[in-house]
Amino acid sequence: MGVNVDFNCVGCGRCCVGGTKLSFDEMVKLAGVFPIGTSFHSLPGKSYFHPKQYRHLKDFCLAFQTENREIGRVLPGIATMTPKGEPCPARSDDMRCSRHGVDKPANCSASPLSFTIPSDLPWTETPRFLASCPPEALRGPPLLRNGRSVDPAYRQTLADMKRAAVRDFALMKRTLELQIDLKINEGLGAHLAVQSTIGWRYEDIGHDRLSVTEGLACLLLAAVQLERLGVHQAIDVATAQMDVCGRYLEIWRRHSHAVEMMSAQVMRLRLLLDHLTAGA
């Protein structure tokens with residue numbers, strides 16, 4: 001039996017902590033706002049999910065061959081590098097989203113529901129994101145009835161996110177290839193290069209450590225190669241991202257893993273800028 005949930009966002013800002021998923025186009029627009037990385041999560045087996053959810057996620061996965069010649073599946077993504085528990089860089093002092101109505105990520109607009117749950121799979125329990133909401137947020141218009149979304153705005157957001165994921169599929173595949181090649185060129189063997197790039201499990205998402213890596217330079221290079229961005233656009237995005245990472249290195253200095261990732265990001269972006277400007 002699915003749940004019934006009413007919801008009306010009251011702008012309390014309690015959910016505006018930690019990272020959020022982005023499409024490639026959103027990354028380009030927001031590179032001057034958030035530190036941003038890439039993620040390649042290995043997908044668990046069918047037993048971990050409801051069959052419908054597994055099929056839904058599988059549609060967005062890249063296939064790769066493991067050391068044992070088995071076929072593994074990787075869920076690729078682009079996400080902000082905000083450490084768990086830290087306020088989102090877009091959250092204003094009044095707890096409101098500074099990107100609301102401008103270029104707010106679709107993943108945030110979909111909250112408190114989730115892109116990882118297919119629209120034809122009923123919610124059997126209250127979405128966990130609602131646990132932090134004040135009581136008045138749960139006295140809004142209908143969100144779920146018998147576990148299914150009855151909010152047309154959410155359903156449209158979910159459809160838009162699915163289209164963006166399909167559009168970004170080839171780009172993320174090329175990004176993964178470039179990240180593995182980069183690590184091999186840095187001296188790792190092929191197996192270790194794959195293992196270190198696809199080192200995060202899907203079930204680890206949201207835990208204490210960042211689940212994104214310093215992969216933006218490879219993403220931008222892939223975008224130029226596949227003509228999703230021109231060279232000068234990529235240079236602008238890389239420059240904006242270096243500035244943002246430089247600011248947040250100080251703000252998030254107590255988060256050693258975030259500092260490590262952002263420092264590596266700045267280094268790789270600087271090398272990318274040298275490469276792009278030499279060929280421009």
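## Exercises on a predicted model

Ser23 is buried, with a relative accessible area of 14%; buried means under 20% relative accessible area, exposed over 50%, and partly exposed in between (1.4 Å probe, protein chains only). This is a predicted model: local features need pLDDT of at least 70, side-chain atom pairs count only at pLDDT 80 or more, and totals for chains, interfaces and linings use all residues. Residues are numbered from 1 along each chain as its sequence is written, and side-chain values use heavy atoms, with hydrogens and water left out.

**Exercise 1. Place Ser23 and list what Ser23 touches.**

Step 1. Find the element. Ser23 sits in the loop between strand 2 (21-22) and helix 1 (24-30). Helices (H or I, at least four residues) and strands (E, at least two) are DSSP runs, numbered from the N terminus.

Step 2. Leave out residues up to four places away in sequence. Ser23 then touches Ile78, Ala164 and Asp168. Contact means heavy atoms within 4.5 Å.

**Exercise 2. Find how many disulfides there are, and explain the result for Cys12 and Cys133.**

Step 1. Recall the bond. A disulfide is a covalent bond between the sulfur atoms of two cysteines. The cut-off here is a pair of cysteine sulfur atoms within 2.5 Å.

Step 2. Search the whole structure. The search finds 0 disulfides. Cys12 is in none, and its nearest cysteine sulfur, that of Cys133, is 5.6 Å away.

Step 3. Look from the other side. The closest cysteine sulfur to that of Cys133 is in Cys12, and 5.6 Å is too far for a bond.

Step 4. Add accessibility. Cys12 is partly exposed, at a relative accessible area of 24%. Cys133 is buried, at 18%.

**Exercise 3. Count the aromatic pairs and classify the pair of Phe49 and Tyr54 and the pair of Tyr248 and Trp252.**

Step 1. Set the rule. Rings of Phe, Tyr and Trp (its six-membered ring) pair if their centres lie within 6.5 Å; planes under 30 degrees apart count as stacked, over 60 as edge-to-face and the rest as tilted.

Step 2. Count. The rule gives 2 aromatic pairs.

Step 3. Take Phe49 and Tyr54. Their ring centres are 6.2 Å apart and their planes at 40°, so the pair is tilted. Both Phe49 and Tyr54 are buried.

Step 4. Take Tyr248 and Trp252. Here the centres are 4.5 Å apart and the planes at 40°, so this pair is tilted. Tyr248 is buried, with a relative accessible area of 11%. Trp252 is buried at 2%.

**Exercise 4. Describe how helix 5 packs on helix 6, and helix 8 on helix 9.**

Step 1. Read the first geometry. Helix 5 (residues 169-185) and helix 6 (residues 190-197) pack at about 130°, with axes 9 Å apart. Axes are lines fitted to C-alpha atoms, for helices over the stretch in contact, and angles run from 0 to 180 degrees between N-to-C directions.

Step 2. Classify. Angles under 35 degrees count as roughly parallel, over 145 as roughly antiparallel, 65 to 115 as roughly perpendicular and the rest as oblique. Helix 5 and helix 6 are therefore oblique to each other.

Step 3. Assign the hand. Helix 5 passes helix 6 in a right-handed crossing. A crossing is left-handed if the near helix is turned anticlockwise from the far one by less than a right angle, and right-handed if clockwise.

Step 4. Name the contacts. Helix 5 contributes Leu176, Gln179, Ile180, Lys183 and Ile184, and helix 6 contributes Ala190, Ala193, Val194, Ser196 and Thr197.

Step 5. Repeat for the second pair. Helix 8 (residues 231-251) and helix 9 (residues 256-279) pack at about 155°, with axes 9 Å apart. Helix 8 and helix 9 are therefore roughly antiparallel to each other. Their crossing is left-handed. Residues in contact include Tyr248 of helix 8 and Leu269 of helix 9.

**Exercise 5. Examine helix 7 and the backbone at Glu227.**

Step 1. Check cover. In helix 7 (residues 216-225), 8 of its 10 residues are buried. Among them are Leu216, Cys218 and Val224.

Step 2. Move on to Glu227. Glu227 lies in the loop between helix 7 and helix 8. Its phi is near 65°, a positive value in a residue other than glycine. Glu227 is exposed, with a relative accessible area of 70%.

Step 3. Put this in context. Most residues other than glycine have a negative phi, and most peptide bonds are trans.
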